[in-house]
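Student: I should like to learn how to read the interior and the open spaces of a protein model. May we work through one example together?

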Amino acid sequence: MAKHLDFKKSNRTLLLTNTQRDVLRIAWPVLVELFLGSLFGMIDMIMLGRIADPAIAAASISAVGMTNQPLFIGLSLVQALNIGGTAIIARYVGAKQTDKVENVLQHIILLTLILLAIPLSLFGVFFADSILGFMGAQTDTLTVGRGYFKIISIGFLFQSFNFAISAALRGAGNTKTTMRINLSVNLINVIGNAILIYGLLGVPALGVTGAGISTAFSQFLASIILIIYLIRGKSIIRLTFKERFKFDKDILYNLIKIGVPASLEQMALRIGLLLFAKIVAGLGTVIFAAHQICLSILGLSFNPGQAFGIATSSLVGQGLGAKDPERAEAYAKESRRIGSLISSLMAFLFFVFSPQLISLYTNDPEIIQKASVALKIIALVQPFQSSQLILAGGLRGAGDTFWPLISTFIGVLGIRVILAYIFVNLLNLGLPGAWMGVFVDQFVRWGIIYIRFKSGKWKTVTIR
């Protein structure tokens with residue numbers, strides 16, 4: 001009997017070791033990709049902040065921030081459709097039905113381009129001024145940001161395609177390929193930004209417009225590399241074009257079933273963030289620049305939660321596809337544990353070194369002071385934010401996208417925006433008040449997602 005118990009204990013230890021290995025195998029390339037991608041984004045922002053004329057520098061940072069909000073709305077819709085693709089492909093891979101993967105990939109690409117990428121790209125090009133004006137852009141921001149917005153809208157077409165392919169690869173657990181490609185093109189983007197923003201190597205100094213050109217080109221380059229990779233067929237995810245494409249009603253049903261709640265969630269999130277940005281923009285260009293710097297650093301803090309959330313989506317989907325819900329749950333719990341440890345360390349660094357981090361972006365003492373206070377609030381958010389992102393990733397991997405929708409609707413639209421309005425406009429707490437609203441929002445969303453995950457009902461979600 002004792003030997004039997006020892007054997008069971010040994011199996012549990014081995015299972016935990018294998019679980020950790022699987023989680024880290026998928027998560028670490030995503031973490032490196034996201035971390036360095038955010039770091040490159042921070043460098044881009046620092047470059048704009050170091051433009052010689054302080055007024056143009058602040059307006060350029062604000063232009064990027066105001067462009068990012070509507071851009072992220074479009075990308076969030078693309079990601080919502082991709083969530084369905086990731087979940088379906090993960091299930092097929094877990095069930096050893098890899099012959100169905102290419103058809104799913106073709107559906108994702110076509111629907112992404114026809115329904116979202118092309119229409120939204122054209123909308124951004126033709127209505128750039130109106131969108132920036134709605135965002136609250138003042139004259140200085142509109143002047144420097146108009147060209148940037150149009151160029152980024154063109155790049156959105158390629159970025160959407162890249163998102164679709166990356167989601168499919170991650171559903172199969174292949175995260176190293178997207179890491180290598182994105183790191184390469186991001187490095188090219190940073191070099192291109194330096195040349196085009198400051199006018200190096202005899203090129204005219206284009207400021208924020210140059211940053212847009214470099215970004216769009218890097219996204220186009222990534223699309224070319226991904227197409228070549230898929231055609232060569234070196235992984236489960238490939239494009240062979242051996243069979244004539246036709247729409248499959250089961251795949252469409254699954255994409256709609258998973259994607260509609262995910263789309264509504266992303267819309268609620270991005271509309272909430274847009275309204276939140278408008279509230280902060282009312283504090284003026286300098287304060288909004290400080291806010292944008294905080295968002296840039298916050299993007300770095302998202303990385304552990306996002307990376308382990310992506311790993312959880314893939315592994316939970318594969319576990320359920322293999323008819324092993326307990327293994328799927330073990331993956332989610334281990335992902336949350338590792339991701340939360342990393343996020344807590346980052347929170348400590350943000351809290352202690354907030355002025356030093358902000359001073360990398362700007363020498364303006366007012367911006368440093370305002371942003372430092374907000375960054376300390378961001379540090380307190382980290383444990384809840386990371387846990388929520390990872391467990392929500394698990395729910396999405398299972399195809400259970402309804403409860404992430406509920407948590408986002410309540411947290412962002414029902415709490416963040418309302419509290420930010422009260423704290424900023426009624427209580428005059430300025431930028432720190434806005435970020436206090438973020439703290440409460442993240443805590444509430446974590447609570448909703450945690451309760452849903454603990455219920456275990458996500459294990460019963462079916463995919464055709």
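**Cavities, pockets and cores**

Tutor: Let us begin inside the model, which is a predicted one. Helices H2 and H9 (285-321) each contribute at least two residues to the lining of the second largest cavity.

Student: How is such an empty space found, and which residues line the second largest cavity?

Tutor: Empty space is revealed by rolling a probe the size of a water molecule over the atoms. Here the lining of the second largest cavity is formed by Ser62, Met66, Gly136, Gln138, Thr141, Ala281, Gly284, Thr285 and Phe288. By class, three of these residues are nonpolar, six are polar and none is charged. The space in this cavity comes to about 50 Å³.

Student: How many cavities of 30 Å³ or more does a search of the whole structure find?

Tutor: The search finds two of them.

Student: Let us turn to the pockets. What is the volume of the largest pocket, and which residues lie nearest its centre?

Tutor: A pocket, unlike a cavity, is an open set of points. The largest pocket holds about 530 Å³ of space. Its lining has 23 residues, and those nearest the centre are Asp99, Lys100, Glu102, Asn103 and Glu243.

Student: Which helices supply that lining, and what is its chemical character?

Tutor: Helix H3 (101-126) and helix H8 (249-281) each supply at least two residues of the lining of the largest pocket. H3 provides the largest share, five residues. The lining comprises eleven charged, eight nonpolar and four polar residues.

Student: How does the lining of the second largest pocket divide among nonpolar, polar and charged residues?

Tutor: That lining has eleven nonpolar residues, five polar ones and no charged ones. The second largest pocket contains about 320 Å³ of space and is lined by 16 residues. Pro70, Leu71, Leu120, Phe123 and Ile131 lie nearest its centre. At least two lining residues come from each of H2 (54-94), H3 and H5 (139-171), with H2 giving the most, six residues.

Student: What should one look for in the nonpolar cores, and which residues touch the most other members of the largest one?

Tutor: In soluble globular proteins, nonpolar side chains tend to be buried together. In this model the largest nonpolar core has 66 residues, of which Leu48, Met66, Ile297, Ile358, Leu431 and Trp435 touch the most other members. Met66 also belongs to the lining of the second largest cavity.

Student: Which residues does Leu431 touch, apart from those up to four places away in sequence?

Tutor: Leu431 touches Val280, Leu283, Ile287, Ala290, His291, Lys370, Ala371 and Ala374. There is also a second, separate core of 33 residues, including Ile88, Leu105, Ile109 and Leu255.

Student: How many helices and strands does the chain have, and what share of its residues is buried?

Tutor: The chain has 14 helices and zero strands. Buried residues account for 56% of its 464 residues. Among contacts with a separation of 6 or more, 83% join residues 24 or more positions apart.

Student: Finally, how does one judge the overall dimensions, and why does the radius of gyration agree with a compact globule?

Tutor: One compares the radius of gyration with the value for a compact globule of equal length. For 464 residues that value would be near 23 Å, and the chain has 22 Å, so the two agree. The C-alpha trace spans about 75 × 50 × 35 Å along its principal axes.

Technical notes: Residues are numbered from 1 along each chain as its sequence is written. This is a predicted model: local features need pLDDT of at least 70, side-chain atom pairs count only at pLDDT 80 or more; totals for chains, interfaces and linings use all residues. Side-chain values use heavy atoms; hydrogens and water are left out. On a 1 Å grid over the protein atoms alone, a cavity is a set of points where a 1.4 Å probe fits but cannot get out, and a pocket is an open set with protein on both sides within 12 Å along at least five of seven lines; lining residues have an atom within 4 Å of a point. Grid points are joined across faces, edges and corners, and a volume is the space filled by probe spheres set on the points. Helices (H or I, at least four residues) and strands (E, at least two) are DSSP runs, numbered from the N terminus. Ala, Val, Leu, Ile, Met, Phe, Trp, Tyr, Cys and Pro count as nonpolar, Asp, Glu, Lys and Arg as charged, and the others, Gly among them, as polar. A nonpolar core is a set of buried Ala, Val, Leu, Ile, Met, Phe, Trp, Tyr and Cys residues joined through side-chain atoms within 4.5 Å. Buried means under 20% relative accessible area, exposed over 50%, partly exposed in between (1.4 Å probe, protein chains only). Contact means heavy atoms within 4.5 Å. The radius of gyration is taken over C-alpha atoms; the globule rule is 2.2 Å times the number of residues to the power 0.38.
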